Amino acid sequence: PVQGKPTSTQNITWTTNVPSTSNINYGKVGSNGIDVQDSKMTTSHEVTISNLEDDSEYYIVAQSRDADGNLAVSDRQQFRTALDTRPPTVSD
């Protein structure tokens with residue numbers, strides 16, 4: 001989870017041994033996924049996903065492709081978002 005953000009915001013990170021692109025596919029378990037892509041070549045990958053439903057089971061798969069076209073794919077990971085129990089805030 002991302003500190004200070006709603007529980008429905010997650011930060012996904014991974015590393016590769018050579019510069020490569022960042023791509024994740026995620027979604028609720030049992031549904032088609034959403035792809036998020038970043039074509040910047042790097043070894044430290046970070047993708048933030050938001051607007052996830054509270055207290056729900058999600059999956060995520062990370063992929064990276066290097067300059068030679070080699071593709072690395074992570075195992076499928078599953079996680080459950082927390083129930084948002086933050087109190088309301090008053091502003092203005």
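Select Asp-55 to begin. With a relative accessible area of 43%, Asp-55 is partly exposed, because that value falls between the 20% limit for buried and the 50% limit for exposed. Asp-55 sits in the loop between E2 and E3. Its phi is positive, about 50 degrees, although the residue is not a glycine. The model on the screen is predicted.

Stay in this loop and select Asn-51. This residue is also placed between E2 and E3. Asn-51 is not a glycine either, yet its phi is positive, at about 65 degrees. Is Asn-51 buried or exposed? Its relative accessibility is 72%, so Asn-51 counts as exposed.

**The whole chain**

Now zoom out and colour by secondary structure. The protein chain has five strands and zero helices. Read from the N terminus, the order of elements is β-β-β-β-β. Their residue ranges are useful for selections: strand E1 covers 10–28, strand E2 covers 34–49, strand E3 covers residues 57–65, strand E4 covers 71–73, and strand E5 covers residues 77–80.

Show the C-alpha trace alone and turn the view. Along the principal axes this trace spans about 50 × 35 × 15 Å. The protein chain has 92 residues, and 32% of them count as buried.

**Three distances across the chain**

Select Pro-19, which lies in strand E1. Pro-19 has 46% relative accessibility and counts as partly exposed. Draw a distance from its C-alpha atom to that of Pro-88: the separation is 43 Å, with the two positions 69 residues apart along the chain counted as their offset.

Next select Ala-72, in strand E4. Ala-72 is partly exposed, with a relative accessible area of 43%. Its C-alpha atom is 27 Å from the C-alpha atom of Ser-8, and the two residues are 64 apart along the chain.

For the third distance, select Gln-77, found in strand E5. A relative accessible area of 44% makes Gln-77 partly exposed. How far is the C-alpha atom of Gln-77 from that of Tyr-26, and what separates them along the chain? The C-alpha atoms are separated by 9.4 Å, while the residues are 51 apart along the chain.

**The nonpolar core**

Hide the rest and show side chains for Ile-12, Trp-14, Ile-24, Tyr-26, Val-47, Ile-49, Leu-52, Tyr-58, Ile-60, Ala-62 and Phe-79. These eleven residues make up the largest nonpolar core. E1, E2 and E3 are the elements that give two or more residues to this core. The largest share, four residues, comes from E1.

**An aromatic pair**

Keep two members of that core on the screen, Tyr-58 and Phe-79. A pair of aromatic rings is described by the distance of the centres and the angle of the planes. The aromatic pair count for this model is one. Why is the pair of Tyr-58 and Phe-79 called stacked? The ring centres lie 5.9 Å apart and the planes are at 20 degrees, which is under the 30 degrees allowed for stacking, so the pair counts as stacked.

The two rings come from distant parts of the chain: Tyr-58 is in strand E3 and Phe-79 is in strand E5, 21 residues apart. Tyr-58 has 5% relative accessibility and counts as buried. Phe-79, at 18%, counts as buried because the limit is 20%.

**A charge over a ring**

Select Tyr-59 and Arg-76. Arg-76 lies over the face of Tyr-59, at 3.9 Å from the ring centre.

**The largest pocket**

Finally, switch on a surface. Rolling a probe the size of a water molecule over the atoms shows where empty space is left. The largest pocket holds about 160 Å³ of space. Its lining has 13 residues, and those closest to the centre are Ile-12, Thr-13, Trp-14, Ala-62 and Ser-74. Select these five to find the place.

Which elements give two or more residues to the lining of the largest pocket? They are E1, E3 and E4. E1 gives the largest share, five residues. Colour the lining by class: six residues are nonpolar, seven are polar and none is charged.

Technical notes: Residues are numbered from 1 along each chain as its sequence is written. This is a predicted model: local features need pLDDT of at least 70, side-chain atom pairs count only at pLDDT 80 or more; totals for chains, interfaces and linings use all residues. Side-chain values use heavy atoms; hydrogens and water are left out. Rings of Phe, Tyr and Trp (its six-membered ring) pair if their centres lie within 6.5 Å; planes under 30 degrees apart count as stacked, over 60 as edge-to-face and the rest as tilted. Buried means under 20% relative accessible area, exposed over 50%, partly exposed in between (1.4 Å probe, protein chains only). A charge sits over a ring if NZ of Lys or CZ of Arg is within 6 Å of the ring centre and within 35 degrees of the ring normal. On a 1 Å grid over the protein atoms alone, a cavity is a set of points where a 1.4 Å probe fits but cannot get out, and a pocket is an open set with protein on both sides within 12 Å along at least five of seven lines; lining residues have an atom within 4 Å of a point. Grid points are joined across faces, edges and corners, and a volume is the space filled by probe spheres set on the points. Ala, Val, Leu, Ile, Met, Phe, Trp, Tyr, Cys and Pro count as nonpolar, Asp, Glu, Lys and Arg as charged, and the others, Gly among them, as polar. A nonpolar core is a set of buried Ala, Val, Leu, Ile, Met, Phe, Trp, Tyr and Cys residues joined through side-chain atoms within 4.5 Å.
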